[in-house]
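Student: Could we go through this structure together and check how its labels follow from the values?

Tutor: Gladly, let's take them step by step.

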Amino acid sequence: MDSLLRPLLDAPPAVVYLVCALVIAAETALLPGIVLPTLSTLLLMGFLAERGTLDFGLALTVAVASAVLGDQLAYLEGRRWGPRLARRVGRERWDRAESVISRYGVPAVIAGRCLVGLRTLVPRVAGSAAMPYRRFAAGSVAAAVLWAGAELLVGHTTALVL
């Protein structure tokens, strides 16, 4: 999967921002998006920012906005089709996830963003569990800033070492 990102090393910055935004948003917005290389995408963006190809502030803005967009689309999908999604995921697992979201709220949304596998599921479950949209959106933004910022910094710092 990481080889899909290799051509971006020499691509124009606008193309890099666009492709990275699509990968990051699609990971959460699309249920099968779990297979997309978002960690590698963020590390690459951080690396390219240190190299001078991308602007770090703009890379962070693009990454956060894309993650939040993907979360919002997944939340709306959960709101609309939660019971159908529950059948696909498994009723018992879905119910367990809903109870965690209901019990912990925003911290569960933040933790879900930072855990691979849960990143695609948590926004859908939050929507299905009727978590208030404002609380979900606040958690989504906080989680995206934390997650994208940390991964971009790792990519940026790694580039300094190399």
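Tutor: One thing to keep in mind is that this is a predicted model. Its salt bridges number 6, and we can start with one of them.

Student: What makes R113 and D71 a salt bridge?

Tutor: The cut-off is a Lys or Arg side-chain nitrogen within 4 Å of a carboxyl oxygen of Asp or Glu. For R113 and D71 the closest N and O atoms are 2.7 Å apart, so the pair meets the definition.

Student: Where in the chain do R113 and D71 sit?

Tutor: R113 belongs to helix 5 (residues 106–114) and D71 to helix 3, 42 residues apart, and the pair links distant parts of the chain.

Student: Why is D71 called buried?

Tutor: Buried means under 20% relative accessible area. D71 has 3% relative accessibility, so it counts as buried. R113 is buried as well.

Student: What else does D71 meet?

Tutor: Leaving out residues up to four places away in sequence, D71 touches T28, R113, P123, F136 and S140. With S140 there is also a side-chain to side-chain polar contact at 2.8 Å; the limit for such a pair of N or O atoms is 3.5 Å.

Student: Which salt bridges lie within helix 4?

Tutor: D95 and R91 are both in helix 4, 4 residues apart, about one turn of the helix. E92 and R96 are also both in helix 4, with a spacing of 4 residues, about one turn.

Student: How do you know that E92 and R96 qualify as a salt bridge?

Tutor: Their closest N and O atoms are 3.7 Å apart, and the limit is 4 Å, so the pair is a salt bridge by that definition. For D95 and R91 the N to O distance is 3.0 Å, within the limit too.

Student: Why is E92 called exposed, and what is R96 called?

Tutor: Exposed means over 50%, and partly exposed lies between 20% and that value. E92 is at 60%, so it counts as exposed. R96 is at 48%, so it counts as partly exposed. D95 at 35% is partly exposed, and R91 at 42% is partly exposed too.

Student: What makes helix 3 oblique to helix 4?

Tutor: The axes of helix 3 (residues 56–89) and helix 4 (residues 91–104) cross at roughly 120° and come within 6 Å. Roughly perpendicular covers 65 to 115 degrees and roughly antiparallel begins over 145, so an angle between those ranges is oblique. That crossing therefore makes helix 3 oblique to helix 4.

Student: Which residues make that contact?

Tutor: Helix 3 gives G82, P83, L85, A86 and V89, and helix 4 gives R91, R93 and W94. By class, the contact of helix 3 with helix 4 has 5 nonpolar, 1 polar and 2 charged residues.

Student: How do you know that S66 is buried?

Tutor: S66 has a relative accessible area of 6%, and the limit for buried is under 20%, so S66 is buried. S66 is found in helix 3, and beyond its neighbours within four places in sequence it is in contact with A21, I24 and A25.

Student: What is noteworthy about phi of A130?

Tutor: Most residues other than glycine have a negative phi. Phi of A130 is near 60°, a positive value in a residue other than glycine. A130 lies in the loop between helix 6 (122–128) and helix 7 (133–161), and with a relative accessible area of 45% A130 is partly exposed.

Methods
Residues numbered from 1 in each chain as written. Predicted model: local features only at pLDDT ≥ 70, side-chain atom pairs only at ≥ 80, totals over all residues. Heavy atoms only, no water. Axes fitted to C-alpha atoms, helices over the stretch in contact; angles between N-to-C directions. Helix = DSSP H or I, 4+ residues; strand = E, 2+ residues; numbered from the N terminus. Parallel < 35°, antiparallel > 145°, perpendicular 65-115°, else oblique. Contact = heavy atoms within 4.5 Å. Nonpolar A, V, L, I, M, F, W, Y, C, P; charged D, E, K, R; others polar. Buried < 20%, exposed > 50% of the residue type's maximum accessible area, 1.4 Å probe, protein only. Polar contact = N/O pair within 3.5 Å; in protein donor to acceptor, adjacent residues only side chain to side chain.
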